[in-house]
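Here are some short exercises for you to try with a protein model on screen. Have a go at each task before you read its solution.

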Amino acid sequence: MTDALHIDVPHTDGTRAVIALSGEFDIASAPAVRARALDLIANGHPDLVADLAGVTFCDSSGLGALVGIWRCAKDADGSLTLAAIPDRLGRLLSVTGMDTFLPVHPSADAALAARRDDRTTT
């Protein structure tokens, strides 16, 4: 039995939004995550934080969705930051090199604060 992915947006503020995922981030759920993130970007929230604390599984489709979201956020003068990543996903990001261009923070609150600080100093 699979652990269906749940997508929640617990926070939006100005250009920032948190998209919290819980469950399996895989080929079946990646399109919905990408669509929800692109909807947030299109509606004025290009600075996204993906809170991955609840992700129980992630395959290459999930990773591909994160890269696609990152590109779209950058095109909208925004960013994608990852927060609260489980250890196994952190290792996967390291092996694939995604941790070299996707910032990672211990929590969504820390990611939001870092992005706010980046915006005020640039």
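The exercises below use this predicted model and go from the sheet to a helix and then to the core.

**Exercise 1. In what order do the strands of the sheet lie, and which strands are at its edges?**

Step 1. Start by laying out the sheet: 5 strands form an open sheet, in the order β1-β2-β3-β4-β5, with mixed pairing.
Step 2. Now look for strands that pair on one side only; these are β1 (6–13) and β5 (104–105), the edge strands.
Step 3. Zoom in on one pair: strand β3 (residues 47–58) and strand β4 (residues 79–83) run parallel and are joined by 5 bridges. You can find V49 with its bridge partner T81 in β4.

**Exercise 2. Work out which face of helix α3 is buried and which residues sit on the opposite side.**

Step 1. Place the helix: α3 (residues 87–96) packs on the sheet and touches β3 and β4, with its direction at about 115° to that of β3.
Step 2. Recall a general rule: an α-helix has 3.6 residues a turn, so residues three or four places apart point the same way.
Step 3. Pick out the buried residues of α3, which are L89, G90 and L93. Seen down the helix axis, the buried residues of α3 fall within an arc of 105°, so they line one face.
Step 4. Ask what that face meets: the buried residues of α3 pack against β3, α2 (60–75) and β4.
Step 5. Turn to the face pointing away from the buried side, where you find the exposed residues D87, R91 and V95.
Step 6. Finish at the end of the helix: α3 is followed by G97, which has a positive phi, near 80°.

**Exercise 3. Is L21 buried or exposed, and what does L21 touch?**

Step 1. Locate L21 in strand β2 (residues 16–25).
Step 2. Use the cut-off: buried means under 20% relative accessible area. L21 has a relative accessible area of 4%, so L21 is buried.
Step 3. Leave aside neighbours within four places in sequence, and the contacts of L21 are L5, H6, I7, V33, D51, L52, G54 and V55.
Step 4. Widen the view to the largest nonpolar core, which has 28 residues; L21 is among those with the most contacts inside it, along with F25, L48, L52, L80 and L82. The elements β2, α1, β3, α2, β4 and α3 each supply at least two residues of this core, and α2 gives the most, with 7 residues.
Step 5. Look also for a second, separate core of 6 residues, including V49, A108, A111 and L112.

Methods
Residues numbered from 1 in each chain as written. Predicted model: local features only at pLDDT ≥ 70, side-chain atom pairs only at ≥ 80, totals over all residues. Heavy atoms only, no water. Helix = DSSP H or I, 4+ residues; strand = E, 2+ residues; numbered from the N terminus. Buried < 20%, exposed > 50% of the residue type's maximum accessible area, 1.4 Å probe, protein only. Contact = heavy atoms within 4.5 Å. Pairing = 2+ DSSP bridges. Axes fitted to C-alpha atoms, helices over the stretch in contact; angles between N-to-C directions. Arc of directions from axis to C-beta. Core = buried A, V, L, I, M, F, W, Y, C linked by side-chain atoms within 4.5 Å.
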